[in-house]
Amino acid sequence: FFFSAIECELDMISLLSSLSVAALDAPVPLISPRGDFQPAAASELASVGGARSVVATVGGRLRARRLLNSIFATEFDTARAPAAGEDRGGAYVAASPQAPELLLVHTEAASAGEACEDGAVADESAFGCFALGLADAVLVLPPCAEPTRPVLVSAYEEIFAQLAATAEPTDGKRTLLVHLAQSAADAAAIKSAAMDAWAAACGGGAEPSFDSRFELTAIALPSSAVDADAFSAGATELRTRLRTLARDGFGTPIAATEVAARAEAVWLAVQSAASGRPGGAALRERYQAARAYEASMEAAVLKLRPLSAAVAKGRVIDGFGAAADSLLNGTLAHYDDAVADVSGITAELVARRRAILSKQLQADVKELFSKQQRSLARSVCKRYERQLLAVMERAGNVAQYQRDRLRKNAERAYDAQVASLVVPSLGGPTRAQLTQSFSAQLTAFADRLGGAPPLQLHA
């Protein structure tokens, strides 16, 4: 038979666990998948001695249960598929002999469509708020191995969604957020995403600040089957970080018997505030709008890049106006298609992101147009100057009829080329207005040129 390193490790951990009287034989339910609190937890926790810090998980589901078992010798069910009619959602508390200073609370939202008791809310936002209100440290497991920034913002916004409305004064208490990445983690980028999510949860206000409520650290914790050494290093780092929570200023250890009462109070506060925060559908639509914006902008930038490179070299692109107009309208149409099925609950956000997308693209296109228009004007003026000098070299002076003819040719040349630069959807100057403006510019240029000693113009 073949046993993986992690299975051997779990067997040893289970043996150690059975020898300890301070550990719970199995995780004890605090909240059922349907959202009802389990008062029997208090008597179960009576067997656990000593004051302990509380650590909770958010996200991850099966991965979170496996990590807790592997790192802390707990006994969460890690079967891939639940039995018929079973839902593993809810909140469960466990005590481990390998971490006598901790109580470990695993939270998991109920499966979609699972009915809750008496209108209770047991989704990711509710359990995120519960974990943050109860625990001194929260282990955050992202929804995928390499989440993009919008995915991170969405995940943290779901966790924070109702905390600002639920939490009572914290008296300066801060919570440690431990982001458990599956690959190398950019702590600064993760914190930036979490801060944006917190600002959104607080309605865009500056208070309370993220740093006044949280400290975020990121630990790379890949699968032990993929990189056993990196997993071992990450697990050691996590255990070390959690061992000194109270000393590091994250909460005060409490007796295990008090955890049930505290958990019940927090869950009641979560439920009472649930009606005042965005539901799961609204949060998913926020993410959908953010992803649609990002994808549309990314596609537009890729199309603008070769145009920008050409303009940077001083080129005037024939047909720029039609191409840019198609890009602008096509990008907005792509965004509209991506958010076509969102409901009215996020309509304002969808419209705001569309307006931002349109404004940013129009600014980029306007800049490219302006650069080309200036390049075209300079080019035509230079050609006009060369033609005047050529006449001067042949005849010694420039007659008025020659000046008028060359000027008219310059205006025609400008008008013909600027027509292909105009972007109809920008709503800027028309072709006629641009040509008229250039005509005035050409007059000023000709007057300056005519006053120069080498080109005294004669009637």
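Start by selecting Arg61, which sits in the loop between S2 and H3. Helices (H or I, at least four residues) and strands (E, at least two) are DSSP runs, numbered from the N terminus. You are looking at a predicted model, in which local features need pLDDT of at least 70, side-chain atom pairs count only at pLDDT 80 or more, and totals for chains, interfaces and linings use all residues. Residues are numbered from 1 along each chain as its sequence is written, and side-chain values use heavy atoms, with hydrogens and water left out.

**Stop 1: around helix H3**

Stay with Arg61 for a moment and look at its backbone. Most residues other than glycine have a negative phi. Arg61 is not a glycine, yet its phi is positive, about 45°. With a relative accessible area of 32%, Arg61 is partly exposed; buried means under 20% relative accessible area, exposed over 50%, and partly exposed in between (1.4 Å probe, protein chains only).

Next, select residues 62-72, which make up helix H3. How many of the 11 residues of H3 are buried? The count is nine, and the helix is mostly covered. Among them are Leu62, Ala64, Arg65, Leu67 and Leu68, and the list continues with Asn69, Ser70, Ile71 and Phe72.

Now step to Ala73, which follows H3. Ala73 lies in the loop between H3 and strand S3 (90-94). Its phi is near 65°, a positive value in a residue other than glycine. Is Ala73 buried or exposed? At 2% relative accessibility, Ala73 counts as buried.

**Stop 2: Thr57 in strand S2**

Select Thr57, in strand S2 (residues 51-58). Thr57 has 2% relative accessibility and therefore counts as buried. Which residues does Thr57 touch, not counting residues up to four places away in sequence? They are Ala64, Leu68, Val105, His106, Thr107, Ala131 and Leu139, where contact means heavy atoms within 4.5 Å. Two of these names, Ala64 and Leu68, also appear among the buried residues of H3. You can also draw a C-alpha to C-alpha distance from Thr57 to Ala137: these two are 80 residues apart in sequence and 8.6 Å apart in space.

**Stop 3: where H4 meets H10**

Show helix H4 (residues 124-134) together with helix H10 (residues 256-273). They pack at an angle of about 135°, with their axes 9 Å apart. Axes are lines fitted to C-alpha atoms, for helices over the stretch in contact, and angles run from 0 to 180 degrees between N-to-C directions. H4 and H10 are therefore oblique to each other; angles under 35 degrees count as roughly parallel, over 145 as roughly antiparallel, 65 to 115 as roughly perpendicular and the rest as oblique.

To display the contact, pick Ala126, Phe127, Cys129, Phe130, Gly133 and Leu134 on H4, then Val259, Arg262, Ala263, Val266, Trp267 and Val270 on H10. By class, this contact has 10 nonpolar, one polar and one charged residues. Here Ala, Val, Leu, Ile, Met, Phe, Trp, Tyr, Cys and Pro count as nonpolar, Asp, Glu, Lys and Arg as charged, and the others, Gly among them, as polar.

**Stop 4: aromatic rings**

Rings of Phe, Tyr and Trp (its six-membered ring) pair if their centres lie within 6.5 Å; planes under 30 degrees apart count as stacked, over 60 as edge-to-face and the rest as tilted. By this rule the count comes to nine aromatic pairs. Zoom in on Phe127 and Trp267: their ring centres are 5.1 Å apart and their planes lie at 25°, so the pair is stacked. It links distant parts of the chain, with Phe127 in H4 and Trp267 in H10, 140 residues apart. Both Phe127 and Trp267 are buried.

Then move to Phe160 and Phe214, whose ring centres are 5.2 Å apart with planes at 25°, so this pair is stacked too. Phe160 belongs to helix H5 (residues 149-160) and Phe214 to strand S7 (residues 214-220), 54 residues apart. Phe160 has 0% relative accessibility and counts as buried; Phe214, at 0%, is buried as well. Add Tyr156, Trp198 and Phe210 to your selection, and you have one aromatic cluster together with Phe160 and Phe214.

**Last stop: H5 beside H7**

Finish with H5 and helix H7 (residues 187-201), which pack at an angle of about 45° with their axes 8 Å apart. That makes H5 oblique to H7. Residues in the contact include Tyr156 and Phe160 of H5 and Trp198 of H7.
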